[in-house]
Structures are given as C-alpha cells and as structure tokens.
Amino acid sequence: MKNLFTILALVIVSQVFAQKTITFKASDGLEITADLYITNPETSPLIVLFHQAGWSRGEYKEIAPKLNKLGYNCIAVDQRSGETVNDVANETFKKAVAANKGTTYVDAYVDINSAIDYAKANYKKAKKLIIWGSSYSAGLVIKAASERKDIDAVIAFSPGEYYSKLGKPKDWIESTAKKITVPVWITSMKLEKKKWWNIAAQIPESNRAYFLPTKIGKHGSRALWDEFSDSAEYWKALKEFFEVI
C-alpha cells in the first residue's frame, strides 16, 4: 500500500509540472506550436516565452517550471525562425519551410503578435500578460510592446538591432521604444550592453530596468540555466523585477 501511495504521489507531481503541446494559427495561416506550462490558477500572471536564433521552445524546458513555482503560468512558443535545442525540434519552423514561407527573424514577428493574440483570447482571466524574448526575439517583444496596448510588462534577454541585414532600418527597435508605457527589464552578457543601450535609453526611465552580471554572463535566456555558475544572480535580479510589476 505504501508503494502504491508513492507511485500515485509521483504521478500527481508529474501531472502538475507536465507540459502540454498545442498548436494555433498565426495571422498568415501558419500553424504555430507551443508548450503550455499552466500550473497556477487561471487568474495568475501569464508569461509568453519566445526563444533565440536557431532554437525552439525547448529553451524554456528548465526555466518555465521554475516560473510556475514563482506563481506564473507560461506559454513557450516556437517561432518560424529557429531549429532545435534541448532535444526539442522547432515545429513551426518545419511547417514554415514546408509551406515555403520565410524563416528570418523579421518573418517571425507575425508569430510574436499571433502568440500574444492567442494568449489574450484564451487566458482572459490572467491578471497580467508578460512577454519575454531571447536574443532576436527580445528585440521583437520590445517592438511589440511599443505597438500594442494589451501588454503589462516586457522581459528581454540580450536584445539588439539584429534586423538591418533583413531590410529593416538600423534603429528599427530603438525608433519605437519611446512609445512603450509598461515596465521593461533588460539583461544580457556584460559586454552586450552596447548592443541594447540605445534601445533602452529610449524607454521612459520610469519604465526601464536592467541588470548586468558580475562576471561575463551568458547570451539570451539560457543565462538562467542551472549549468551556468552565475544563473542564480540572474534569477535574483529577475525576481526583484517581478516584485515591482
């Protein structure tokens, strides 16, 4: 009987933290794949997580459950620009290739906005909607926040002007950042500050916060992975931001 209770307890724990993979349509008809990490009440804040270049929603396999423990529900999204990380293939990228659709960073902007639309439509009771980007998607979430009025906060890991070779102005993100009216938290490797400071400087000071690690740090959201010795420093700074939004 004791062994039975142990097994049941393990099943319950696995269910609590299990992810569910879903699909929904982008505004141009492409099917987007995402993982749900919904373990808290439906009124809890919701974070929509976007990955960095060449990767997938697998960037958040370790991060999202920790955000759950902090009281946040999460959706980790495959954008059409990316491939594989942590043994998780980017299904949206595969479908974009099959449909002969573009897979550049700029092409992925439709996925950012479509995922936000999905979150707003399906999690209406969430008291806050936070969008989180990593590397190229960090710039895109800042862009989205400058153009939309239905976002409550932004988290950007290693943003920058990564889009000029794709036909966008060199200040594509910076030029609209001054329109942001919600809290934005930016972080990166220490030496990457020069890549995003001009963007951050345009955000009204009352809405702008940033963190730089004591040592070198890591690029993108992987800075939070346990395998890196300074991940706890990033987590501490992130939690402090959560406390004020």
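# Exercises on a predicted single-chain model

With 245 residues, a compact globule would have a radius of gyration near 18 Å, and this chain has 18 Å, so the two agree. Keep in mind that the model is predicted.

## Exercise 1: Get the overall picture

Work out how the chain is built and how much of it is buried.

*Solution.*
- Start with secondary structure: the chain has eight helices and 10 strands.
- Next, look at the dimensions. The C-alpha trace spans about 65 × 45 × 35 Å along its principal axes.
- Then check burial: 51% of the 245 residues are buried.
- Finish with contacts. Take those with a separation of 6 or more, and 69% of them join residues 24 or more positions apart.

## Exercise 2: Find the nonpolar cores

Identify the residues that touch the most other members of the largest nonpolar core, and the helix that gives the most to this core.

*Solution.*
- As background, nonpolar side chains in soluble globular proteins tend to be buried together.
- Here the largest core has 47 residues, and Ile75, Ile131, Ile142 and Val154 touch the most other members.
- The top contributor is helix H5 (residues 136-147), which puts in seven residues.
- Zoom in on Ile75. Leaving out residues up to four places away in sequence, its contacts include Leu36, Ile47, Val48, Leu49, Tyr118 and Tyr123.
- Don't stop there, though: a second, separate core holds 30 residues, among them Ala64, Ile130, Phe211 and Leu224.

## Exercise 3: Classify a tryptophan pair

Decide whether the rings of Trp55 and Trp225 are stacked or edge-to-face, and find where each residue sits.

*Solution.*
- There are 16 aromatic pairs to pick from in the structure.
- For Trp55 and Trp225, the ring centres are 5.6 Å apart and the planes meet at 10°. Planes under 30 degrees apart count as stacked, so this pair is stacked.
- Now place the two residues. Trp55 is in the loop between strand E3 (46-50) and helix H2 (63-69), while Trp225 is in the loop between E10 and helix H8 (231-244). That's 170 residues apart, so the pair links distant parts of the chain.
- Check burial against the cut-off of under 20%. Trp55 has a relative accessible area of 16%, so it is buried; Trp225 has 8%, so it is buried too.
- Trp225 has another partner: its ring and that of Phe228 have centres 6.2 Å apart and planes at 10°, so they are stacked as well. Phe228 is also buried.

Elsewhere, Tyr60, Trp132, Phe157, Trp185 and Phe241 form one aromatic cluster. For a charge over a ring, look at Lys193: its charged end sits over the ring of Trp197, 4.7 Å from the centre.

## Exercise 4: Trace a salt-bridge network

Start at Asp28 and find which residues are linked with it in a network of salt bridges.

*Solution.*
- The structure has 14 salt bridges.
- Step one goes from Asp28 to Arg80, where the closest N and O atoms are 2.8 Å apart. Asp28 lies in the loop between strand E1 (20-25) and strand E2 (31-37), and Arg80 in the loop between strand E4 (73-77) and strand E5 (84-85), 52 residues apart.
- Compare the accessibility of the two ends. Asp28 has 34% and is partly exposed, whereas Arg80 has 2% and counts as buried.
- Step two goes from Asp28 to Lys101, a salt bridge at 3.7 Å, N to O. Lys101 is in the loop between helix H3 (91-98) and helix H4 (109-122), 73 residues from Asp28. At 29%, Lys101 is partly exposed.
- Put it together: the network links Asp28, Arg80, Lys101 and Asp111.

## Exercise 5: A salt bridge inside one helix

Explain the spacing of Lys236 and Glu240 along helix H8, then say how exposed each one is.

*Solution.*
- The two form a salt bridge, with the closest N and O atoms 2.8 Å apart.
- Both are in helix H8, four residues apart, so about one helical turn separates them.
- Lys236 has 53% relative accessibility, so it counts as exposed. Glu240 has 41%, so it counts as partly exposed.

## Exercise 6: Place Asn207

Locate Asn207 and decide whether it is buried or exposed.

*Solution.*
- Asn207 is in the loop between helix H7 (193-202) and strand E10 (208-211).
- Its relative accessibility is 16%, so Asn207 counts as buried.
- Setting aside residues up to four places away in sequence, Asn207 touches Ile180, Thr181, Val182, Pro183 and Val184.

Technical notes
Residues are numbered from 1 along each chain as its sequence is written. This is a predicted model: local features need pLDDT of at least 70, side-chain atom pairs count only at pLDDT 80 or more; totals for chains, interfaces and linings use all residues. Side-chain values use heavy atoms; hydrogens and water are left out. Helices (H or I, at least four residues) and strands (E, at least two) are DSSP runs, numbered from the N terminus. Buried means under 20% relative accessible area, exposed over 50%, partly exposed in between (1.4 Å probe, protein chains only). Contact means heavy atoms within 4.5 Å. Rings of Phe, Tyr and Trp (its six-membered ring) pair if their centres lie within 6.5 Å; planes under 30 degrees apart count as stacked, over 60 as edge-to-face and the rest as tilted. A charge sits over a ring if NZ of Lys or CZ of Arg is within 6 Å of the ring centre and within 35 degrees of the ring normal. A salt bridge is a side-chain nitrogen of Lys or Arg within 4 Å of a carboxyl oxygen of Asp or Glu. A nonpolar core is a set of buried Ala, Val, Leu, Ile, Met, Phe, Trp, Tyr and Cys residues joined through side-chain atoms within 4.5 Å. The radius of gyration is taken over C-alpha atoms; the globule rule is 2.2 Å times the number of residues to the power 0.38.
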